[in-house]
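Dear colleague,

I am passing on to you the structure we spoke about, together with some notes on what came out of going through it. Please have the structure open while you read the notes that follow.

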Amino acid sequence: MNRELRLETLAVHAGAEPDAATGAVTPPIHLSTTFERDPDGSYPKGFVYSRTDNPNRRALEAALAALEGGEAAACFASGSAAVASVLRTLRPGDHVLAPDDLYHGVRKLLQQVFVPWGLAVSFADLSDTAAAARALRPNTRLIWVETPSNPLLKLTDIGALAALARDVGALLVCDATWTPPPVTRALTLGAHLVVHSTTKYLAGHSDVLGGAVVAARADGTFERLRAVQNLEGAVPSPFDCWLVLRSLRTLPYRMRAHCDNAARVAAFLAGHARVASVHYPGLASHPAHALAARQMAYPGGMLSFRVRGGEAAAMAVAARVRLFTRGTSLGGVESLIEHRASIEGPESTTPRDLLRVSVGLEHPDDLIEDLEQAMAEDLT
């Protein structure tokens with residue numbers, strides 16, 4: 001695929017060729033787990049067994065690589081499986097530097113699975129480049145970046161962290177689940193790998209589970225990742241791949257609508273008397289607003305806010321919404337709201353008065369009116 005094509009065109013055509021057998025424009029779903037050999041024992045069509053490769057997965061991987069500007073991609077059964085497969089490319093004794101404000105699922109995966117396995121893991125405020133530099137060790141082999149962070153929406157300078165990673169011979173891995181193209185393309189800013197939970201914005205309809213890793217270079221690291229994908233077998237089904245590929249065709253337009261709606265909602269919340277603070281990089285009040293303008297084409301569809309009156313007031317707001325759905329996850333067409341600290345458990349460091357919001361594709365005025373009525377009564 002011509003990389004000079006604009007993103008909207010890539011989204012429609014990447015990984016898409018008319019079916020050779022029928023001419024169908026929409027690709028068929030190849031459910032077969034195994035593929036026929038020729039009499040000489042070869043596999044001239046390139047497929048042996050669906051754990052190793054499948055036509056639907058191959059098409060999705062090609063599309064994701066094109067959208068992110070990478071050379072190769074590998075798809076997995078979930079975002080967590082994608083994260084674990086990246087970490088499997090390391091060796092016991094290697095050090096991973098991760099952000100202090102980090103998706104709790106990745107934090108638990110690091111602490112409960114990979115520290116016992118032999119990785120050394122530490123956490124630092126990676127939104128502070130100087131603090132990140134101080135946290136590096138001689139054995140640092142991977143820097144994990146989540147920008148904006150989950151759930152406080154702190155921003156990390158991807159280019160600056162890429163330079164630090166180069167200095168110590170580490171990989172820079174960016175979790176781009178919140179910032180798919182066209183919001184940010186981290187590989188163009190210096191990241192070595194980009195990780196997605198395709199469950200979220202890439203699939204975009206809350207109906208499929210998946211993950212992916214896109215590599216800037218199809219090098220030795222990606223070869224190890226591909227080996228982990230094949231040997232451990234945490235791969236998506238052909239139908240899951242088909243669903244995500246279908247959704248990619250509208251991704252640029254959906255993301256612009258998510259971001260436009262989120263900006264409207266954030267502005268409303270920032271002016272509301274019952275809101276103590278709003279975390280959204282599109283607001284001029286965000287401490288990294290200037291960085292967001294440099295490395296994000298759009299400010300994203302996620303935000304969080306703190307409610308005056310503490311946890312009880314925050315829970316009351318979530319209880320009173322009528323249009324928002326109280327639920328975990330993000331990136332679907334429907335707007336979601338949740339009290340993160342209670343989701344994350346007793347070890348959570350998330351403020352107890354914070355609500356996280358995934359802004360969907362409803363009309364923003366309807367979303368604002370719903371939040372307004374939810375905060376209209378005395379919350380204390």
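In this model, which is predicted, 7 strands make up an open sheet whose order is 1-7-6-5-4-2-3, with mixed pairing. Its edges are formed by strand 1 (72-76) and strand 3 (120-124), each of which pairs on one side only. Averaged over the sheet, and with direction ignored, neighbouring strands are turned by 20° against each other.

At one edge, strand 3 pairs with strand 2 (residues 95-99) in the parallel sense, over 5 bridges, and within this pairing Val96 has Val121 of strand 3 as its bridge partner. At the other edge, strand 1 and strand 7 are joined in the antiparallel sense, likewise through 5 bridges, and here Ala72 stands opposite Ala215 of strand 7.

Two helices that pack on these strands deserve a mention. Helix 3 (residues 79-88) packs on the sheet and touches strand 1, strand 2, strand 4 (140-146), strand 5 (171-175), strand 6 (193-196) and strand 7 (211-215), while its direction makes about 155° with that of strand 6. Helix 7 (residues 220-232), for its part, lies across strand 1, strand 5, strand 6 and strand 7, and runs at about 25° to strand 1.

Strand 1 is an edge strand, and one may ask how many of its residues are buried. The answer is 5 of the 5, so strand 1 is largely enclosed by the rest of the structure. In a regular strand the side chains alternate between the two faces of the sheet. In strand 1 both faces are covered, with Ala72, Ala74 and Phe76 buried on one side and Ala73 and Cys75 buried on the other.

Turning to the surface, Ile29, Leu31 and Phe239 make a nonpolar patch of about 280 Å². Of these residues, Ile29 lies in the loop between helix 1 (7-13) and helix 2 (55-68), and its relative accessible area of 34% makes Ile29 partly exposed, because that value falls between the limits of 20% for buried and 50% for exposed.

Further along the chain, helix 11 (residues 310-320) has Ala313, Ala314, Ala316, Val317 and Ala318 as its buried residues. These buried residues pack against strand 9 (302-307), strand 10 (325-326), strand 11 (336-339) and strand 12 (354-358), as well as against helix 13 (364-374).

With best regards

Definitions and conventions: Residues are numbered from 1 along each chain as its sequence is written. This is a predicted model: local features need pLDDT of at least 70, side-chain atom pairs count only at pLDDT 80 or more; totals for chains, interfaces and linings use all residues. Side-chain values use heavy atoms; hydrogens and water are left out. Two strands pair if DSSP finds at least two bridges between them. Helices (H or I, at least four residues) and strands (E, at least two) are DSSP runs, numbered from the N terminus. Axes are lines fitted to C-alpha atoms, for helices over the stretch in contact, and angles run from 0 to 180 degrees between N-to-C directions. Contact means heavy atoms within 4.5 Å. Buried means under 20% relative accessible area, exposed over 50%, partly exposed in between (1.4 Å probe, protein chains only). Patches are made of residues with over 30% relative accessible area and no salt bridge: like charges are joined within 9 Å, nonpolar side chains (Val, Leu, Ile, Met, Phe, Trp, Tyr) within 5 Å. Accessible areas come from the Shrake-Rupley method with a 1.4 Å probe; for residues, only the protein chains shown count as cover. A salt bridge is a side-chain nitrogen of Lys or Arg within 4 Å of a carboxyl oxygen of Asp or Glu.
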